[in-house]
2 protein chains.
Amino acid sequence: MALVVKKFGGSSLATPQHIKNIAKRIVEDKRNKKDNIVIVVSATGDTTDDLISLAKQIHPNPPHRELDMLISTGEVVSSALMAMAIDNLGEQAVSLTGPQIGIMTDSIHTRASIRKVKTERINKELEKGKIVVVAGFQGKDDCEEITTLGRGGSDTTAIAIAIALKADVCEIFTDVEGVYTADPRIVPDAKKIKIISYEEMLEFASSGAKVMQTRATELASKYDLKYHVRSSFTKTEGTIIMKEIDSMEKVVVRGVVAAKDEARVTIHDIPNKPGVAAYIFGKLGKEKINVDMIIQSSAQKDKSDISFTVNEDILPKTLEVMEKAKEHLKAGKVSSDSNIGKIGVVGVGMRTHSGVAGKMFEALAREDINIEMISTSEIRISCVIRRDLCDKAMKVLHKEFELEK
Amino acid sequence: MALVVKKFGGSSLATPQHIKNIAKRIVEDKRNKKDNIVIVVSATGDTTDDLISLAKQIHPNPPHRELDMLISTGEVVSSALMAMAIDNLGEQAVSLTGPQIGIMTDSIHTRASIRKVKTERINKELEKGKIVVVAGFQGKDDCEEITTLGRGGSDTTAIAIAIALKADVCEIFTDVEGVYTADPRIVPDAKKIKIISYEEMLEFASSGAKVMQTRATELASKYDLKYHVRSSFTKTEGTIIMKEIDSMEKVVVRGVVAAKDEARVTIHDIPNKPGVAAYIFGKLGKEKINVDMIIQSSAQKDKSDISFTVNEDILPKTLEVMEKAKEHLKAGKVSSDSNIGKIGVVGVGMRTHSGVAGKMFEALAREDINIEMISTSEIRISCVIRRDLCDKAMKVLHKEFELEK
């Protein structure tokens, strides 16, 4: 008897009929395979956005603690409805909130991190033969305060529970069939990837492929939990995300990714002295602003410019922080450009194969796509380009690296 | 510095603008009177009904435990939104769920009873100067299961918290201005009652005046908590509900009440033997079906009929139970009539004044209103009549007892 954790996202639960369909699938699995099943659910459809919009009608900048109280209800609603749907098909089910289970987190509201998952309650219910339905995305801190894990937090819940329970299988059901060599809406002959390493998956996620939250994959990687991303609408096998194995290195480039929600910020004419970068990125870190690429350029001998990219939706906050930093540093001015995009190629094979960067830059140059910033990791090369050229660049690179084959 | 508990119902919180208006009123009170304030909120507008209808789309008869998980979210949403609205006006607020506070209940899902209210958490927040916003209607049992208190449960939450905290004032804000001598929509010259005893209030509630749940008033009465029912839309004083004082007896009839959601059930030809009534009402009690009036009539020597009234919405369930009881008792048949209504007059003065019943029956007879069943308590006389005559009877009795004066 295997222990299986299955996570279903909001688009899979959008209507009562969706919920009934998923329940049917779960109950069939329970009866055919005799598995012990734990379901993790997100809020249905647009619930979280609707709740946030309600909050914004009342407070332009709602206290995060209260926002967590509010939005955590969305997943509780789905979990109760899912338990009802399963009960209606004749199997026993029990919904549990994050606090009820004891999904213990730190106290950083709206993006808390899981510290520990208690297993007593879930195990007790599984022993009774029940299907356990967990409200994802939420936990509590040591003071019994309700916390949420940030967007995509239900993925993290599922991975954390699978690790804590030592589950045999962890399946992330979503509205796509898996991870692709490129966005299939842009590159029609993109191929579904059967197996991908944690490292590649992380690069995919941080470079714009929204299949899975970075944090969830990091957690899976840390505890070496193999998981399976697949469609909630079909029974086709999806993509397995697991520890790197030797054969993976044979593929040089696993896929092409693009992000069109980046923005670049530049602080000009910063007097050169030690600790300048530390000061800037320390301030950003304190505000929990994630910075992606960084470039420092020396325009003059005693002054330099620092540019970096951030997600577009935190651009206003970033500029606010940088205006203050500018004063402190006695720098020139702060400018920004939100018309940029990021294109990247990812593959663990790059570690052992050289020439990927050259090939990439050449292909882009051939198509007159100007590269404005470059960043690389062991297994990824990314370039900032004009946003409207991203789709074109993706097609060019997909073809260049023969990913359609 | 007084400690004040204020409860706001769903119609007072129907939209974000409603919530902001209430928050403004609370913040003004906080600043003018320097009170310590605990707010208890219901779910906004039709939220509870909407959630139940969602559940019914998934399960014709949802498990009560899951129903509690589902519907308890409504009050959590309101409490978080109210805390945000108060914060937005510059006062500190914190929302708390029933489980967070430790509103401990029994395990009877969808109509749990409060056993204990822990005060540590609320007091801790009040000491920090915060306005505490409590999600009404909910608690948890000893196994950390979420429970709800049944319709109107937020009133009970407010009363229970006021008792536990030894509050100086407990105000129940609602969409009416208080308790009236009759329903003002039917009797235009009905008067608002300034002070009413717990006993009278209980008779009002159980006889159809929906201002306040019976259970909440019973609780207030048990612990002698004076409370104030008033409008959330105006600042007019409402009705004070308190322990009976001597002067109250001067008024013979406090008001006229009518209930149009009753139904009568009759079991015919029950063989006469001891324990028959105990059997019938024992079965009903076990199913938590509340019975109102009961009449036993001896049609023949060895057989009798038993009639009783129940709330119309539990009629199907009641008939189901009675069909089984009929078999067991070897009775004739079970019939029902849901075209009945109940009209009553209430007043603690009846204890010391005689002739109220005669006056009431006479007035109804004069208007050709036939009385089908009668029940009396020390402070109430109720009659079952045809449902379509209820409004007329209310006007007649209001005039007869000169309540407009």
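Helix α10 of chain A, residues 315-329, lies across β14, β16 and β17 of chain A and runs at about 5 degrees to β14(A). Axes here are lines fitted to C-alpha atoms, for helices over the stretch in contact, with angles from 0 to 180 degrees between N-to-C directions. Helices (H or I, at least four residues) and strands (E, at least two) are DSSP runs, numbered from the N terminus.

This is a predicted model, in which local features need pLDDT of at least 70 and side-chain atom pairs count only at pLDDT 80 or more, while totals for chains, interfaces and linings use all residues. Residues are numbered from 1 along each chain as its sequence is written, and chains are lettered from A and ligands numbered from 1 in the order in which they are written.

A second helix, α9 (residues 276-286) of chain A, lies across β14, β15 and β16 of chain A, at about 160 degrees to β15(A). The sheet in chain A is open, with four strands in the order β15-β16-β14-β17 and antiparallel pairing; two strands pair if DSSP finds at least two bridges between them. β15 (291-297) and β17 (334-337) of chain A are the edge strands, each with a single partner, so one side of each has no neighbour in the sheet. From one strand to the next, the twist averages 20 degrees. Strands β14 (262-271) and β16 (303-311) of chain A pair over eight bridges in the antiparallel sense, and A:Thr266 has A:Ser307 of β16(A) as its bridge partner.

I turn now to the two chains. In all, 27 residues of chain B contact 27 residues of chain A, contact meaning that the C-beta atoms, placed from the backbone, lie within 7 Å. On the chain B side, α1 (16-33), α2 (47-58) and α3 (64-88) each supply at least two residues, and α3(B) gives the most, with 14 residues.

How are the copies related? Chain B can be laid on chain A with an RMSD of 0.1 Å by a turn of 179 degrees and a shift of 0.0 Å along the axis, the superposition being by least squares on C-alpha atoms of residues with pLDDT of at least 70 in both. That is the relation of a two-fold axis. In chain B, the C-alpha of B:Thr73 is nearest the axis, 2.8 Å from it. Both copies use the same surface, since 100% of the contact residues of chain B recur in chain A.

Notes: Two residues are in contact if their C-beta atoms, placed from the backbone, lie within 7 Å.
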